[in-house]
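Colleague: Could you take one region of this model and go through it closely, then place it within the rest of the fold? I would like to follow it on screen, with the cut-offs stated as you go.

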Amino acid sequence: MELIHNGIIVNENLAQRGFIVINGGFIACVGPGEPSQQLTEMCDTVTDVEGAYIIPGVIDDHVHMREPGLTHKATIASESRAAVAGGITSYMEMPNVKPATTTLEALHDKMERAQATSVANYSFYIGATNDNLDVIRQVDYSRTCGVKVFMGSSTGGMLVNDAATLRSIFSEVKAVVAVHCEDEDIIAANRQALVEQRGDDLPVTMHTAIRSEEACYNSTRRAVELARECGTRLHVLHISTERELELFDDNDSNITCEACVGHLWFSDEDYARLGNRIKVNPSIKTTRDREALRNAVASGLINVVATDHAPHLPAEKEGNCITAASGMPMAQFLLPTMMELVEQGVLTIETVVERMCHAPARLFKIHRRGFLRAGFHADIVVVKRNDTPHVVTDDDVLSTCGWTPLNGTPLHHQVVMTYVNGHRAWDNGTLSDEIHSHPLKFVI
């Protein structure tokens, strides 16, 4: 058994000094104050965290690990290690790899790869297409986090634009239907207009003009309307605009949404400094949009905060607005970045834990994870605040891509230890190569 004590436990909207006992990969008990001498003597390992925060492991519902088929960018092995360094103990991975995860065989292949190499707990979305409805009906949703639907913006041939298929997915799937909402017709028209005006060598500052507020809003509106008609467990990914927020009701637990850390941290004013490093889809929007997203995270209108971790090699990020790859790696710095928003008074640590640990577990109905409770899996993160911030550099990056959009950013908090099923996957800057991860299980 291991005893973790002398820390501030943040769990279920309460922050108090306390201790946790781990036994056999599970949480044996959680208590306030200091443990008794008897309990301390019963434990083989006693870890004094010296006043650091002790929180549940972060559950990231939106990552791209690039395996199979794109392993020159990243692998499940490399990116799961970056994830635990950032306090992520469980992830849900997207289907736009090669071949796309749109068959039961591809889904099974990913599970086998993760079982062999992932240091964090894992699950994988099945990707929807216009012609794999029969596959979607056969999926075991007690082991699969949900269905990923690209509504109006195609990635890897997974655009679902057949109205009958879309309605069937929304009506029949009892698991989470997670949607990428951008209207491809609006994007194409915006792109054509700008190319005609300025030529095809458009600067990255035009990315927001192409992937506009209107493109996001129109697609999200259609998804929400259809979900309300069909009774869908809809989860709208990476909300990026203030206007989209009016489509959600925080009393409707069946229709939820996610913000990604990049949209909470950056604005279009950062293009001048960071260029293609912050080119993502949907695009980084205005400062006003960013503030609205932050407020919605604080209020609970936005349910979940994730990364959309999407690594590309530096050479792939070169080029102009049209040719440079979209996406950025954020898993390793997710929790320290969100804690910087706590440092700035934008959010409370209780809110960070709710949006990144509790809410994903509740929304996806994950079995015995996301909370510090006796009998739950011992997915635990220890986070320490430093008076002198650490300035992030590309040299810190564990992801295969070797760069971060946070290069040069001072962050006050660091992830000291990350426990996955009771074992230290990350310990004071050292990664463990031991595999103690489990596939996520979902209550259906």
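Modeller: Strand 7 and strand 8 run parallel and are joined by four bridges; two strands count as paired when DSSP finds at least two bridges between them. One residue to look for is M92, whose bridge partner in strand 8 is S123. Helices (H or I, at least four residues) and strands (E, at least two) are DSSP runs numbered from the N terminus. This is a predicted model, in which local features need pLDDT of at least 70 and side-chain atom pairs count only at pLDDT 80 or more, while totals for chains, interfaces and linings use all residues. Residues are numbered from 1 along each chain as its sequence is written, and side-chain values use heavy atoms, with hydrogens and water left out.

The two strands belong to an open, parallel sheet of three strands in the order 6-7-8. Strand 6 (58–63) and strand 8 (121–124) are its edges, each pairing on one side only. From one strand to the next, the twist averages 20 degrees. Helix 3 lies across strand 7 and strand 8, at about 170 degrees to strand 8; axes are lines fitted to C-alpha atoms, for helices over the stretch in contact, and angles run from 0 to 180 degrees between N-to-C directions.

The loop between strand 7 (88–93) and helix 3 (104–117) holds T101. At a relative accessible area of 1%, T101 is buried; buried means under 20%, exposed over 50% and partly exposed in between, with a 1.4 Å probe and protein chains only. Its side chain makes a polar contact of 2.9 Å with that of K110. Such a contact is a pair of N or O atoms within 3.5 Å; within protein, one must be able to donate a hydrogen and the other to accept it, and residues adjacent in sequence count only if both atoms are side-chain atoms. Leaving aside residues up to four places away in sequence, T101 touches P95, A106, L107, K110, Y125, I126 and G127, where contact means heavy atoms within 4.5 Å.

Another loop by this sheet, between strand 6 and helix 2 (76–85), contains P68. The peptide bond from E67 to P68 is cis, with omega near 5 degrees. A cis bond also links N281 to P282, with omega near -5 degrees, and P282 sits in the loop between helix 10 (271–274) and helix 11 (287–299).

Next comes the other parallel sheet. It is open, has six strands and follows the order 9-10-11-12-13-14. Its edge strands, each paired on one side only, are strand 9 (126–127) and strand 14 (304–306). Within it, strand 11 (residues 176–181) pairs with strand 12 (residues 233–236) in the parallel sense over four bridges, and V176 has R233 as its bridge partner. Helix 8 (residues 213–230) lies across strand 10 (146–151), strand 11, strand 12 and strand 13 (255–260), at about 155 degrees to strand 11.

In soluble globular proteins, nonpolar side chains tend to be buried together. A nonpolar core here is a set of buried Ala, Val, Leu, Ile, Met, Phe, Trp, Tyr and Cys residues joined through side-chain atoms within 4.5 Å. The largest one has 98 residues, and V149, I169, F170, V179, L335 and M338 have the most contacts inside it. A second, separate core of 18 residues includes M94, Y125, V304 and F376.

M338 leads to helix 12. Helix 12 (residues 334–343) packs on helix 13 (residues 349–363) at an angle of about 145 degrees, with axes 9 Å apart. Their crossing is right-handed: a crossing is right-handed if the near helix is turned clockwise from the far one by less than a right angle, and left-handed if anticlockwise. Helix 12 contributes L334, L335, M338, M339 and V342 to the contact, and helix 13 contributes I349, V352 and M356. Nine of the ten residues of helix 12 are buried, so helix 12 is largely enclosed by the rest of the structure. E340 is one of those buried residues. Just after helix 12, G345 has a positive phi of about 80 degrees.
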